[in-house]
Amino acid sequence: MEGRLVMHNIIPFSTQARRRDLNRGKQCLSIVSVLTQPVNDQVGKLSSSKPVYKDNFFELVAINYISKIVQASTGSLPSFSCIMSNTTSHTGCCFRLMSFSEWFTNNKSGYDSFVEAATGLWSNFNPVQQHEIVAKTLDKAIPRPILAMASSSTLLPDSKFTRELFAVFTTLCFAWLIGPNEVRESELDGRRERSVVHIKKCRFLEESNCVGMCINLCKMPSQKFMKDALGVPVIMVPNFDDMSCEMVFGQEPPATADDPAFKEPCYKICIGN
């Protein structure tokens with residue numbers, strides 16, 4: 001936002017001298033306000049060009065399934081709810097235990113349900129808990145035979161073939177979750193290989209419009225899950241300007257203190273805040 005000076009013409013009236021100045025055509029100017037750009041604040045990328053996703057039957061099944069897993073993975077940690085009671089006093093309260101899964105259950109469907117479940121997870125748990133719940137969700141979402149095969153260092157050792165296989169698998173099977181994407185070529189140890197997934201505009205980031213949710217509910221837990229459960233290192237590099245992202249299989253992610261994603265300010269329009 002550019003700074004602008006908004007000026008109003010003020011009719012002088014306090015003294016005869018000023019009246020004479022006015023009669024001679026002179027006017028006084030006063031500054032009403034100055035508009036400046038917010039410091040370290042990105043404006044949300046919500047726009048009228050937001051794509052419309054037409055999920056097919058199988059994609060909707062997958063979206064609703066992972067949404068229910070997120071809701072169920074919140075566990076049953078106890079919390080208290082205060083309920084007004086006419087049997088005690090006018091302001092008396094009785095308490096009953098509620099579970100977080102009861103809190104986060106929503107009646108929406110499709111991607112809206114998934115984003116709402118993720119927003120509840122983001123708003124009510126610390127980053128460590130968020131990473132654990134997302135890891136649990138991924139573990140439940142991937143079929144056991146595929147998970148067992150992918151995690152086998154004998155069947156799928158960390159090699160060019162494995163990295164390229166994961167890239168193709170991500171492109172074919174997870175477009176409903178992350179949006180349109182394609183496999184691109186990269187260079188690793190001096191060799192060219194097609195082990196990068198370029199997400200043109202991340203669906204989750206676009207729908208949540210939250211830098212923190214992107215980092216703590218997608219980037220960090222996904223990187224850790226891929227390395228720990230599947231044995232393949234991956235770094236996710238989100239671009240918060242155009243909402244694109246790159247998943248680079250075979251590359252170790254940097255330490256948190258050195259990761260540029262953690263230096264990004266949040267969007268001004270953010271549903272997570």
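Reader: By class, how many nonpolar, polar and charged residues does the lining of the largest pocket have?

Author: In this predicted model, the lining of the largest pocket is made up of 34 nonpolar residues and three polar ones, with no charged residues among them. The pocket that these residues surround holds about 980 Å³ of space, and of the 37 residues that line it, those closest to its centre are Leu138, Ile142, Phe169, Phe174 and Leu177.

Reader: Which helix gives the most to the lining of the largest pocket, and which elements each supply at least two residues?

Author: Helix 10 gives the most, with six residues in the lining. At least two residues each come from helix 2 (57-72), helix 4 (110-124), helix 5 (127-141), helix 6 (144-150), helix 7 (160-173), helix 8 (175-178), helix 10 (211-230) and strand 8 (244-249). These elements can be placed within a chain that has 10 helices and eight strands.

Reader: Turning to enclosed space, how many cavities of 30 Å³ or more are there, and which residues line the largest cavity?

Author: The count comes to one cavity of 30 Å³ or more, and the volume of the largest cavity is about 50 Å³. Its lining consists of Ile178, Ile199, Cys202, Leu205, Cys214, Cys218, Met236, Pro238 and Cys245, which by class gives nine nonpolar residues, no polar residues and no charged residues. Helix 10, already met at the pocket, supplies at least two residues of this cavity lining, as does strand 7 (234-239).

Reader: How should I read the charged side chains, and how many salt bridges does the count come to?

Author: The general idea is that side chains of opposite charge can pair when their charged atoms come close. In this structure the count comes to 13 salt bridges. One of them joins Asp139 to Arg144, with the closest N and O atoms 2.7 Å apart; another brings together the side chains of Arg192 and Glu185, at 3.2 Å from N to O.

Reader: Are the partners Asp139 and Arg144 buried or exposed?

Author: Asp139 is partly exposed, because its relative accessible area is 25%, whereas Arg144 counts as exposed, because its relative accessibility is 51% and the class begins over 50%. For the other pair, Arg192 is partly exposed with a relative accessible area of 44%, and Glu185 also counts as partly exposed, at 44% relative accessibility.

Reader: Which residues are linked with Asp158 in a network of salt bridges, and why does Arg163 count as buried?

Author: The network links Asp158, Arg163 and Glu193. Within it, the side chains of Asp158 and Arg163 meet at 3.0 Å, taken from N to O. Arg163 counts as buried because its relative accessible area is 7%, and the class covers values under 20%; Asp158, by contrast, is partly exposed, with a relative accessible area of 43%.

Reader: Stepping back to the chain as a whole, what percentage of its residues count as buried, and what share of the accessible surface belongs to carbon and sulfur atoms?

Author: Of the 273 residues of the chain, 38% count as buried. The accessible surface comes to about 16400 Å², and 58% of that area belongs to carbon and sulfur atoms. As for how the chain meets itself, if one takes the contacts between residues at least 6 apart in sequence, 61% of them join residues at least 24 apart.

Methods
Residues are numbered from 1 along each chain as its sequence is written. This is a predicted model: local features need pLDDT of at least 70, side-chain atom pairs count only at pLDDT 80 or more; totals for chains, interfaces and linings use all residues. Side-chain values use heavy atoms; hydrogens and water are left out. A salt bridge is a side-chain nitrogen of Lys or Arg within 4 Å of a carboxyl oxygen of Asp or Glu. Buried means under 20% relative accessible area, exposed over 50%, partly exposed in between (1.4 Å probe, protein chains only). Helices (H or I, at least four residues) and strands (E, at least two) are DSSP runs, numbered from the N terminus. Contact means heavy atoms within 4.5 Å. Accessible areas come from the Shrake-Rupley method with a 1.4 Å probe; for residues, only the protein chains shown count as cover. On a 1 Å grid over the protein atoms alone, a cavity is a set of points where a 1.4 Å probe fits but cannot get out, and a pocket is an open set with protein on both sides within 12 Å along at least five of seven lines; lining residues have an atom within 4 Å of a point. Grid points are joined across faces, edges and corners, and a volume is the space filled by probe spheres set on the points. Ala, Val, Leu, Ile, Met, Phe, Trp, Tyr, Cys and Pro count as nonpolar, Asp, Glu, Lys and Arg as charged, and the others, Gly among them, as polar.
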